[in-house]
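Trainee: Before I plan anything around this protein, could you pick a single part and take me through it closely? I'd like to know how it is put together and what sits around it.

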Amino acid sequence: MNLSNVRLILGREVRDQLRDRRTLFIIAVLPVMLYPLLGLSLFQIAQFTQEQKSRVLVVGAGKQETTPPLFEHGRFASWLFPNPKAAELFELHFDAHEPGDKQSAESLQEDAREQVRLGAYDAALSFSPKFADQLSAFRKSMRDRSRGTPAAGSSAKRSRGASEEVPVPEIIGSTASDNSQMACARLYDVRSRWTQRLREDTLELSGVPKSLVRPAPAGFTDVASPSRREGAMWSKILPVLLLLWALTGAFYPAIDLCAGEKERGTLETLLSSPAARSEIVLAKLMTVMLFSAITAVLNLVTVGLTGWTILARLPGFGLPPPAAILALCVALVPVAALFGALCLALAAFARSTREGQYYLMPLLFLTMPLVILPMSPGVKLTLGNSLIPVTGIVLLLRSMLEGDYLPVLQFAPAVAGVTIAACILSIRWAVEQFNSESVLFCDSERLDLRLWIRHLFRDRGPTPTVAAALCCGLVIVMLPYVAGSRLAAATNLNGFVTLTLLTQLGMIAAPAVLMTLLFTRSPRQTLLLRLPAWWTIPAAILLAVALHPSVWIVKSAIDRMYPMNNAFREAMSKLATQFGESNIWLLLLLLALMPAVCEEIAFRGFVLSGFRHLGHKWRAIILSAVMFGLAHGVLQQSLSASLIGVVIGYLAVQSGSILPGMVFHLTYNSLVILNGSITAAMLPAWAVSNGLAVAGEKGGCQFGWPVVLGGAAVGLLLLLCFRRLRCVMSAEESLTEAIGRASAGELL
């Protein structure tokens, strides 16, 4: 690679971007203007919500006087508020009608409800016509009780018990209005303070000390330092802004460097230069990374200054801790590289700048869940979460901003490894897009539904297209979710049998077979319905047996990293108990043979055959395995199924037949079922199990490390035997291999 060419192209791209006013506005001007205005708006909104008065209608108060006083001079008494000025937050309107004069008490209350419902008042405070009598009865009851005055008869007891409740006015509000909810919350506080004061004064007059009825203060001590509290606040803001602005800052320059050059007609000139495609991609990637980093830095600096100068007046805000600067700067480099490569690869598909802008929304939809997941309560930095791309970075930054450095030291290597691997794959994808002439110079298309349907049937190939394979995989993955609301849950064995048959035959096998008949000319070639070499069948059986202990260890590790929901675990345990009481042959038929046939026809047949038109054997195997894993629904099963799907896909590709994969699938599922039926009492009876297997905590047996390592070695040897088979490549794979050999020859 000639670094001089990279430097020249980098300087050219940077100068072109700096001449673009839109790019400069998004990078430099927008953050400088946006966050101060946003901070001022939040400050004004906070002030507005704090100072807005609540309009309250008081009904039935009349000339009733309360001790302690509830009203003074047409407003609530000042002693009811910690800050006397808080009484000004209420705008009280007293109803002039007296119950019994012109309206009854019921009609007054109904009129108050209607006024609140119509929005004339935020809330209403309604007094009963007998409020004064009830208050006097309460005081008398409390005095009699404190003096030990006996009650005559059971009726007197009931009367005294009823009068021991403090009479309170009714609060009328509307949950459909935010202003009404805020007014009701304020009224609840006022009424609670008045009720507590009434109890204390009444008992004090009866000779009971106030300390006996006053509630004990809440025992709470905040041990967090001010810097830790401010760090916890900023940890919820800065990591999200870092990733979102790094993505936004990378996207628009990438669109201009790819789709913009197509429109300007300068891409052909650049590609015909002495610079290699990898050098061009590296220079463009460095340009995109530069502007992505500048955008993120300017936004974060502006947010910090806004928080320091404006939001610091609000509780909980202050200057971000110094550790945030180092943490964010270190994380910015891989984040900019990751998003830069993704945006550059996506921008290569765009035929115009307008079309390229449409790709931002799907990329945001894929990124936002990974960014928002760490914001959920209870999500912490663990080994499992650190292996999730983007999510691990956010959790790592949150821990550093909150001052928890021990998890950072533990899981930083895992986060760095996953991020670097994602960057390498994204960069490689971008290089491949620039090496594909069909991607760089694709023509505009106009959708005509009739011509498109005619093309599907008239120009059918022997195997499905990539789009058809992707469509089939998505249909199989989504169909159980769409139909799940209409299907009865499997609460017993009969329901589970029905649900399994419907899922395997109707939702997995049927779409694949139907699309094979409609969109391909050779079902035999599409579904790999060929006889393989005779030795591949026993080799597939032995491979499943050899890899079973290793996969069991992997599944146990996945369960520890990503624990199942307790409710789901209980449901699975209940269903497993029912399985233990059923016929073992029925379980093998439902959970071993049916998936081995239906799922292999779908994923190693139709889906894998379509993905092989991508031109890379391993890419087709991995994508079909991911689809296979997603079809299992549960995260823990999806991860382990994806790993197994890679092995089965390799068997199908190397043998050119679907049968070895079916046999492997059948054997592996059968071993899982048989292992689950093993009890702790069975193992001592098997002398061969001594030191090789022990009883598992949740049933079945766990294999010792000699068995795991020995099985893995045998499995590796068997896979090497499959590698010696001559793989029948697709036309795209042959072309890619020829281009690779030619490129290697040029480099030599």
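Mentor: What follows is a close look at one sheet, and then a few stops elsewhere in the chain.

A word on what you're looking at: this is a predicted model, where local features need pLDDT of at least 70, side-chain atom pairs count only at pLDDT 80 or more, and totals for chains, interfaces and linings use all residues. Residues are numbered from 1 along each chain as its sequence is written, and side-chain values use heavy atoms, with hydrogens and water left out.

For the big picture, the protein has 29 helices and eight strands (DSSP runs numbered from the N terminus: H or I of at least four residues for helices, E of at least two for strands). Of its 748 residues, 41% are buried, that is, under 20% relative accessible area with a 1.4 Å probe and protein chains only; over 50% is exposed and anything in between is partly exposed. Take the contacts (heavy atoms within 4.5 Å) between residues at least 6 apart in sequence: 78% of them join residues at least 24 apart.

Now the sheet. Four strands make it up, in the order β4-β1-β5-β6, and it is open, with mixed pairing. Strands count as paired when DSSP finds at least two bridges between them. The edges belong to β4 (90–94) and β6, each of which has a single partner strand, so one side of each has no neighbour in the sheet. From one strand to the next the twist averages 25° (axes are lines fitted to C-alpha atoms, for helices over the stretch in contact, and angles run from 0 to 180 degrees between N-to-C directions).

The strand to follow is β5 (residues 123–126). With β1 (residues 54–59) it pairs in the parallel sense over four bridges, and with β6 (residues 170–172) in the antiparallel sense over three. You can see this residue by residue: S126 of β5 is the bridge partner of V59, V58 stands opposite L125, and L125 has I171 of β6 as its bridge partner. In a regular strand, side chains alternate between the two faces of the sheet. In β5, A123 and L125 point one way, A124 and S126 point the other, and all of them are buried. Helix α3 (residues 105–118) packs on the sheet, where it touches β1, β5 and β6, and its direction makes about 35° with that of β6.

Step past β5 and you reach K130, in the loop between β5 and α4 (131–147). K130 counts as exposed because its relative accessibility is 56%. Its C-alpha atom is 9.7 Å from that of G60, although the two residues are 70 apart along the chain.

Next, the aromatics. The whole structure has nine aromatic pairs, meaning Phe, Tyr or Trp rings (the six-membered one for Trp) with centres within 6.5 Å, called stacked under 30 degrees between planes, edge-to-face over 60 and tilted for the rest. F71 and F76 are stacked, since their ring centres are 5.4 Å apart and their planes meet at 20°. F71 is partly exposed at 23% relative accessible area, while F76 is buried at 2%. F81 and F90 form a tilted pair, with 6.1 Å centre to centre and 40° between the planes, and both residues are buried. Ring pairs link F71, F76, F81, F90, F94 and F127 into a cluster.

Charges meet rings too (NZ of Lys or CZ of Arg within 6 Å of the ring centre and within 35 degrees of the ring normal). The charged end of R197 sits over the ring of W79, 4.6 Å from its centre. Likewise, the charged end of R604 sits over the ring of F628, at 4.3 Å.

Two last stops, both in helices. T295 lies in α10 (residues 277–309) and is buried, with a relative accessible area of 0%. A polar atom of its side chain is 2.7 Å from the backbone oxygen of F291. As for α15 (residues 391–401), 11 of its 11 residues are buried, so the rest of the structure largely encloses that helix. After α15 comes G403, which has a positive phi, near 90°.

Methods
A polar contact is a pair of N or O atoms within 3.5 Å; within protein, one must be able to donate a hydrogen and the other to accept it, and residues adjacent in sequence count only if both atoms are side-chain atoms.
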